[in-house]
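Got a minute to go through a model together? Have a look at it first, and then we'll take it question by question.

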Amino acid sequence: MESLRSSAGGVAGSCAGLRSNTGASPSHRVCTTPVCVARSSSTGHRHARRAPEPPKAATVEAKVDQDGDASRGLERQGSIRDRAHKRAPLDKGHLFRAKYVPFKSVLEGDPWNSEESYSLDEVVYRAKDGGLLDVVHDMDALKQYGPEYWRALFDSRVGRTTWPFGSGVWSKKEWVLPQIEDDYIKSMFEGNSNLFWAEGFGRQLGMSDMWVKNCGISHTGSFKDLGMTALVSQVNRLRSIKPDAVQAVGCASTGDTSAALSAYCAHAGIPSIVFLPADKISLAQLVQPIANGALVLSIDTDFDGCMKLVKEVTSVSPIYLANSMNSLRLEGQKTAAIEICQQFDWEVPDWVIIPGGNLGNIYAFYKGFKMCYDLGLTDRMPRLVCAQAQNANPLYLAYKKGWEHFEPVKAKTTFASAIQIGDPVSIDRAVLALTATDGIVEEASEEELMDASARGDLTGMFNCPHTGVALAALIKLRERGVIAASDRTVVVSTASGLKFANSKVAYHSREIEGMSCQYANQPTPVKNDIGSVMDAITAKFSAMK
Ligand SMILES: Cc1ncc(COP(=O)(O)O)c(C=O)c1O
Ligand SMILES: N[C@@H](CCOP(=O)(O)O)C(=O)O
């Protein structure tokens, strides 16, 4: 707790009464940065001296309202950012803290007290021994506030436009990048993505509780926006406090990271450079960074080759690395898992199936679920499934060997082009996520993933081939009886099907060699007369004769 007190600074001072006089359990305390939601309803004064009852969602919501614009006569005075600035003056000190530590120390336990650590204001991607880094939070500080508090606070922020909490990522700011001032945040109100009951698809598999988390319904059409708002916001801060440290931001990409990076950089006015494997990403993905004004490098190699190049370039120049090797990204991405718990009223699903490529996201989901569990918002962890395309399956091969040995592969062409990755950067993170959750890795052939995707569409989705990989994994695990009929299962849909229209066209045109395309649905050419139109309709729906 010492760390909490010493770091609390101005906020602790301003809320001293609340802290020292409560005698209540930590869950009774309701003050946090940057918006202090503690306010006496009887006196109207902020920072009430008596601890209130543990906040219920509605109570906290009302108090946030009181702290909001309406009660302060700030309507229409400036932007929502201006109003947030008036509401929550900057540099009050921070209750909550995060820093980089070697990922190795996460494996060893007690990472917060790791001997090696770095401020998030440093430009650093690797530990001294060359291993991955991880962002860790001062969990003792967060534990000062009980689960009721966090649930109520997060629930109170959903569906609002209050800066920056209207974003699904920044609504969890205290758990993401707690120290960043709101003024540096570059957000397009990402997250809060829909989680829907996939009734029809589930029914086909005899399941009554099957769900799809639609992370692709997002600003640039993939889950990458969640990580990119965190990373670009921190870069925005770095460029302000260390003007020469970052001149541009770069990433290697199979199409979605580049789209998110270029959009968020354009939004922030920061130059971006994307390293793309030539002819290996969809046209819809390619046009995104072009439209956002990025320097688009179309390189005669595959994703793994691009990744190697961007690592070299970012190690010798003031170009900041935006791939998920940079653990900042995962802090944003983990909020999708927190959202799933929140959307189920803080109940944890039995299974969560996630398509995996560079393997940052499976670890991000693990982190989100783990934080909810460690802070008492949920009572267990889900079992995670990582789904890989058979043509790019290094994780699957390692899993099959009992995690004895990991060998990168040369990834072959797959319709799930965004996960055509043979040497995933986050392999160690993925192994932790899976072993700690009694997880499973499953693979899908090209035919399995395209058929599963088409089946999903036939129940109302318009999903991408990577979601097809996850749906195919679910089908296989159901067939083998690993996932039971009554298990609550979430398939994470990682991108919009609209980005991958080319693969759908190929499937429905039955143009794919060696694939029967059993769910193909082709357009019917019809002459411009009522008789031909009726013939076509009755041919399809004979009952209408
Ligand atoms: C659409 C899509 N799905 C899944 C993934 C896999 O995520 P990760 O690389 O974090 O494993 C990616 C990117 O790799 C992606 O773009
Ligand atoms: N699918 C990704 C591949 C790179 O992953 P990252 O999460 O490490 O950036 C992409 O769209 O580029």
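## Loops, ligands and a helix

Asp110 sits in the loop between α5 (103-108) and β2 (133-137). Keep in mind that this is a predicted model.

Q: Which sign does phi of Asp110 have, and about what value does it take?
A: Asp110 belongs to the loop between α5 and β2. Asp110 is not a glycine, yet its phi is positive. The value is about 55°.

Q: Where is Leu359, and is it buried or exposed?
A: Look in the loop between β9 (351-355) and α16 (360-374) for Leu359. Its phi is near 75°, a positive value in a residue other than glycine. The cut-off for buried is under 20% relative accessible area. Leu359 comes in at 3% relative accessibility, so it counts as buried.

Q: Which residues come nearest to ligand 1?
A: There are 15 residues around ligand 1. By class, that shell splits into 6 nonpolar, 7 polar and 2 charged residues. The ones that come nearest are Asp256, Gly357, Asn358, Leu359 and Thr494.

Q: How much of the accessible area of ligand 1 does the protein cover?
A: Start with the backbone: a N or O atom of Gly357 is 2.7 Å from an oxygen atom of ligand 1. A polar backbone atom of Asn358 also lies 2.7 Å from an oxygen atom of ligand 1, and an N or O atom in the side chain of Lys224 is 3.5 Å from an oxygen atom of the ligand. On its own, ligand 1 has 380 Å² of accessible area, and the share covered by the protein is 98%.

Q: Which residues come nearest to ligand 2?
A: Ligand 2 has 13 residues around it. They divide into 3 nonpolar, 7 polar and 3 charged. Coming nearest are Ser253, Thr254, Thr257, Ser324 and Arg329.

Q: How much of ligand 2 does the protein bury?
A: Two oxygen contacts can be listed here: a backbone N or O atom of Thr254 at 2.7 Å, and an N or O atom in the side chain of Arg329 at 2.7 Å. A polar backbone atom of Ala418 is 2.9 Å from a nitrogen atom of ligand 2. Taken alone, ligand 2 exposes 340 Å², of which the protein buries 95%.

Q: Where does ligand 2 sit?
A: For ligand 1, the space it takes is the largest cavity. For ligand 2, the place is again the largest cavity.

Q: Is Thr220 buried or exposed?
A: Thr220 is in the loop between β4 (210-214) and α10 (224-241). Its side chain makes a polar contact of 2.5 Å with the side chain of Asp225. With the cut-off for buried at under 20%, the 6% relative accessibility of Thr220 means that it counts as buried.

Q: Which residues of helix α7 are buried?
A: Helix α7 covers residues 147-157. An α-helix has 3.6 residues a turn, so residues three or four places apart point the same way. The buried ones are Tyr149, Trp150, Ala152, Leu153, Phe154, Ser156 and Arg157.

Q: What phi does Gly159 take?
A: Gly159 comes just after α7. Its phi is positive, at about 80°.

Q: What is omega for the cis peptide bond from Trp163 to Pro164?
A: Pro164 lies in the loop between α7 and α8 (173-176). The bond from Trp163 to Pro164 is cis, and omega is near -5°.

Technical notes
Residues numbered from 1 in each chain as written. Chains lettered and ligands numbered in written order. Predicted model: local features only at pLDDT ≥ 70, side-chain atom pairs only at ≥ 80, totals over all residues. Heavy atoms only, no water. Near = heavy atom within 4 Å. Polar contact = N/O pair within 3.5 Å; in protein donor to acceptor, adjacent residues only side chain to side chain. Areas by Shrake-Rupley, 256 points an atom, 1.4 Å probe, with all protein chains shown as cover. 1 Å grid on protein atoms, 1.4 Å probe; cavity = no way out; pocket = protein on both sides within 12 Å on 5 of 7 lines; lining within 4 Å. Sits in = over half its atoms within 2 Å of the grid points. Nonpolar A, V, L, I, M, F, W, Y, C, P; charged D, E, K, R; others polar. Buried < 20%, exposed > 50% of the residue type's maximum accessible area, 1.4 Å probe, protein only. Helix = DSSP H or I, 4+ residues; strand = E, 2+ residues; numbered from the N terminus.
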